[in-house]
Amino acid sequence: MSRKLQSYVQGKWYTAPDEGTPLASAVDGTEVARISATGLDVDGMLDYARTVGGPAIAELTFHERASRLKELGLLLMAGKQEFYDLSVATGATTRDSAVDIDGGFGTLLSYAGKGKRELPNDTVYLDGPPERLGRGGTFVGQHVYTARKGVAVQINAFNFPVWGMLEKLAPAFLAGMPSVVKPASQTAYLTELVFRRIIESGLLPEGSVQLLCGSARGVLDHLGGQDMVGFTGSADTAATLRSHPNVVGEGVHLGVEADSLNCSILGDDVQPGTEEFELYVKQLVTEMTVKAGQKCTAIRRALVPTPLVDDVISAARERLSKIVVGNPANDSVRMGPLASLEQRDEVLRALRGLTKSAEIVVGDPENFEVVGADAVTGAFLPPILLRANADATEPHDIEAFGPVSTVIGYDGIEDAIALAARGKGSLVASVITRDPAIARALVLGLAPFHGRVLVLNREDAKESTGHGSPLPTLVHGGPGRAGGGEELGGIRGVLHHMQRTAIQANPDILTAVGNRWVTGSAQPVGDVHPFRKCLAELRLGDTVVAGPRVVTLEDIDHFAEFTGDTFYAHTDPAAAAANPLFGGIVAHGYLVVSLAAGLFVEPNPGPVLANFGVDSLRFLTPVKAGDALTVTLTAKQITPRTSADYGEVRWDAVVTNQNDEVAATYDVLTLVAKTA
C-alpha cells in the first residue's frame, strides 16, 4: 500500500485509522497515495486555530508577518525540485509545474513585498483620511481595519495544488487570520508535501496554519460570524455551501470562485497575417493546452469576426497539430493528462453536451496518439476545438474543464459583447486589437460581466503574462456564474480578511487607536527639535513651529530666474493682475515649500538621514510679496523598518500666512535612524 497522507492538526501530524481512498497517478493510474480524514477532530482543529494560531499571529505586525512570508517563499523556491518531481503524477509538464509551483511561491513573495511597502508596521490599517464630523474639529471619524477573531477555511481545487493553497494562505496570514487548508483529494499529495516543508521551516507561528487531507464534511457546522470560507470549485458545491445554515444565519463569510466560461475576442480590425492575428491564435492554443486546459481562467469561447472563423480554425489546427500529448516526463511532450480518470470522464460528458450544437473541427477523443504512456490507463485527451453558430446555447452554458474550446463567429462589437455576456459572468476575458476605440468599446462592454479584462496587441505582448494567469497584484474572481467572489488584488486581498469599522472619537483618541496623528490632537513643542530625535525618542504629535519668513518680490524674481519657471503669474504684473485667481504677482508654490523647509529643517548631522518624498501637496491660498509664512511640522506616523536600522517618519506640514490662512498643506517623508 502507498503512503497515507496526513493532516496537520493542533500542532501534530494526524493519520486516519482506516485504509483511506487511493489516489491514482494521472499518467498511468498507479497508486500514488491514500487519503482519509476519518476520526479527525474538526471542532478541535478550528478551536486551536482561533485560540492558539490567531493570538500568535496577532503578536506580529504586518511587517513582521511579511518578513516571515518572504523567508518562506525563498526557502520553498530553493527546494522546489522535489515538488516538480512529484507534480508529474498530477499530469503536469514542466511548464505546468512552473505555473503552479513557482507561481505559488511567487505569490508569497509578492505579498511579502506589498505588505512591507503598503501596510504600516502595526496591526491596524487605516482606511482613508479622518472625516471631520463637527465644525469645531473635536469630533472626528476614522475607518480602520482589524483582524477578525476567526479562522479562514480554504477549500481548494485539484488543478493548482500549490498555487491554490498559497494564493489564499498569503493574504490571510498577512491579515492576521489563521488558515485551515483543505486541498482537493485528487492532487492533495503535492499540497501535503509543500505544507510539510512549511511546517518544518518553523517560520509560521504555531496554530497559524493547519492541513485537512480528506473530506471536509461538517466543517461549516463549526463556523460562525468571525470565520471565513474561501472556496474554489464547482457551482453545484458552491450552491450547497451558500445554503448552509451557518452561512445563511450566522454570517460566515463565504467567498466563491466557481465555473467560468471565459472568452477571448478577436477585434474586427485584425486581419490574417498580422501580429495580432498570430497572437490570438497562439494564446488560444496556449490556454487549451497548459495544464491540459484545467484552468479556471482558460479560454472556453473564442469569439471572432464571422468572416474570419475559418481562418482562425485553420491557424489553430496547424498549431495544435504540433502539440505532443503524453507522459510529462518525456521531454517532447507539450501536454500531459488530466488530473484523473474521473476528470477525463467529466470532460467527455461535457463534450457530448457541447456537440449538441457544435461540431468538433480539431481533435478526436477516440483516436489520438499518446507518447510514453497508455491512453487507457492514463487520463489523456487531445486538444479539442469546436465550431458553433452564434445561436447555439450549449457553449454558453457548459464548461468542459479540459483542453476544449469553441470558436463562435460574431457580427459587430455589440454582438461580441452580447455573446460574451451569455456566459453569465466570468473570471477573465481578453481582447486582441490595436484600435483604441474598439478596445474601449469592448472593455467597457465586457467589464460588468468579468473580473479581469486583458487587452493584447504587439505593443504589450512581450511583457504580457497572458489571458489565463491571475496575478497577485490584480483581483481574481468574477460575477455571476464565476461565483461573485474576489481574491488577491494586492492589499485588497488582505483587507478582505479583515473587519472594517468606523471609529468616532476626539482627535487624541483616534491618534491613540490608529497610531497616526490626527489634526486637532496634541502637538507638544519641546526644547529638542524633532529632527534631533531618533525613532526610539520621537513621539506622535512632536511638533516644531518655525517662522515667520517674509516673502519678497526679490525672492519671487530670483526663484523664477534660478529655476526657469517664468510662468506669467510670477513674472508679468499686468497679466497676473488680470488673472481672476491671483490679482497680481504670486510666489511659486514650490518656492513656498522651499521656504518652509528652510524654516523647519535642523541642518546639523543627526538621526534624520534623508527626505524621500512629499505626499498630498496642495496650495490653498496664494502667497504674495509681503506675506509672512509660518510652518507647523508635526510627527504624523512612525514606521520602523524590520530589515534596516532606520524607519520612516511621515510629518504633517501646514504653511500659514500672517492672517492664519493656510497657504499649503502636505506630508513630508523622511528616513530616521532607530537609535541615536
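## Overall architecture

The protein chain contains 19 helices and 26 strands. The model is a predicted one. Its C-alpha trace spans about 90 × 60 × 45 Å along the principal axes. Of the 676 residues in the protein chain, 55% are buried. Where contacts link residues at least 6 apart in sequence, 74% of them join residues at least 24 apart.

The accessible surface of the chain amounts to about 28,000 Å², and carbon and sulfur atoms account for 52% of that surface. The chain carries 58 positive and 79 negative side chains. The centres of these two sets lie 3 Å apart.

## The seven-stranded sheet

An open sheet of 7 strands has the order S14-S15-S16-S13-S12-S17-S18, with mixed pairing. Strand S14 (358–362) and strand S18 (450–456) each have a single partner strand and stand at the edges, so one side of each is left without a neighbour in the sheet. On average, neighbouring strands of this sheet are turned by 25° against each other, direction ignored.

At the S18 edge, strand S17 (residues 426–432) runs parallel to S18, and 6 bridges join the two. Within this pairing, Val-428 has Arg-452 in S18 as its bridge partner.

## Helices packed on the sheet

Helix H9 (residues 275–289) packs on the seven-stranded sheet. This helix touches strand S12 (263–266), strand S13 (301–305), strand S15 (384–388), strand S16 (404–410), S17 and S18. The direction of H9 makes about 165° with that of S12.

Helix H10 (residues 309–320) also packs on the sheet, where its contacts are with S12, S13, S14, S15 and S16. The direction of H10 makes about 170° with that of S15.

## Leu-385 in strand S15

Leu-385 belongs to strand S15. This residue has a relative accessible area of 0% and is therefore buried, the cut-off for burial being under 20%.

With neighbours within four places in sequence left aside, the contacts of Leu-385 include Leu-284 and Met-288, together with Ile-313, Ala-316 and Leu-320. Also in contact with Leu-385 are Glu-359, Ile-360, Val-361 and Val-362, as well as Ser-405 and Val-407. By comparison, Ala-569 is separated from Leu-385 by 184 residues in sequence and by 66 Å in space, C-alpha to C-alpha.

## The three-stranded sheet

A further open sheet consists of 3 strands in the order S5-S6-S21, and its pairing is antiparallel. Strand S5 (125–132) and strand S21 (498–505) occupy the edges with a single partner strand each, so one side of each is left without a neighbour in the sheet. Neighbouring strands here are turned by 20° against each other on average, direction ignored.

Strand S6 (residues 140–147) pairs with S21 in the antiparallel sense over 8 bridges. In this pairing, Val-140 stands opposite Ala-505 in S21.

## The S3–S4 hairpin

Strand S3 (residues 21–24) and strand S4 (residues 31–35) run antiparallel and are joined by 4 bridges. Pro-22 stands opposite Arg-34 in S4. The two strands form a hairpin with 6 residues between them. In the turn, Gly-29 has a positive phi of about 80°.

Note on methods. Residues are numbered from 1 along each chain as its sequence is written. This is a predicted model: local features need pLDDT of at least 70, side-chain atom pairs count only at pLDDT 80 or more; totals for chains, interfaces and linings use all residues. Side-chain values use heavy atoms; hydrogens and water are left out. Two strands pair if DSSP finds at least two bridges between them. Axes are lines fitted to C-alpha atoms, for helices over the stretch in contact, and angles run from 0 to 180 degrees between N-to-C directions. Contact means heavy atoms within 4.5 Å. Buried means under 20% relative accessible area, exposed over 50%, partly exposed in between (1.4 Å probe, protein chains only). Accessible areas come from the Shrake-Rupley method with a 1.4 Å probe; for residues, only the protein chains shown count as cover. Lys and Arg count as positive and Asp and Glu as negative; His and the chain ends are not counted. The place of a charge is taken as NZ of Lys, CZ of Arg, CG of Asp or CD of Glu.
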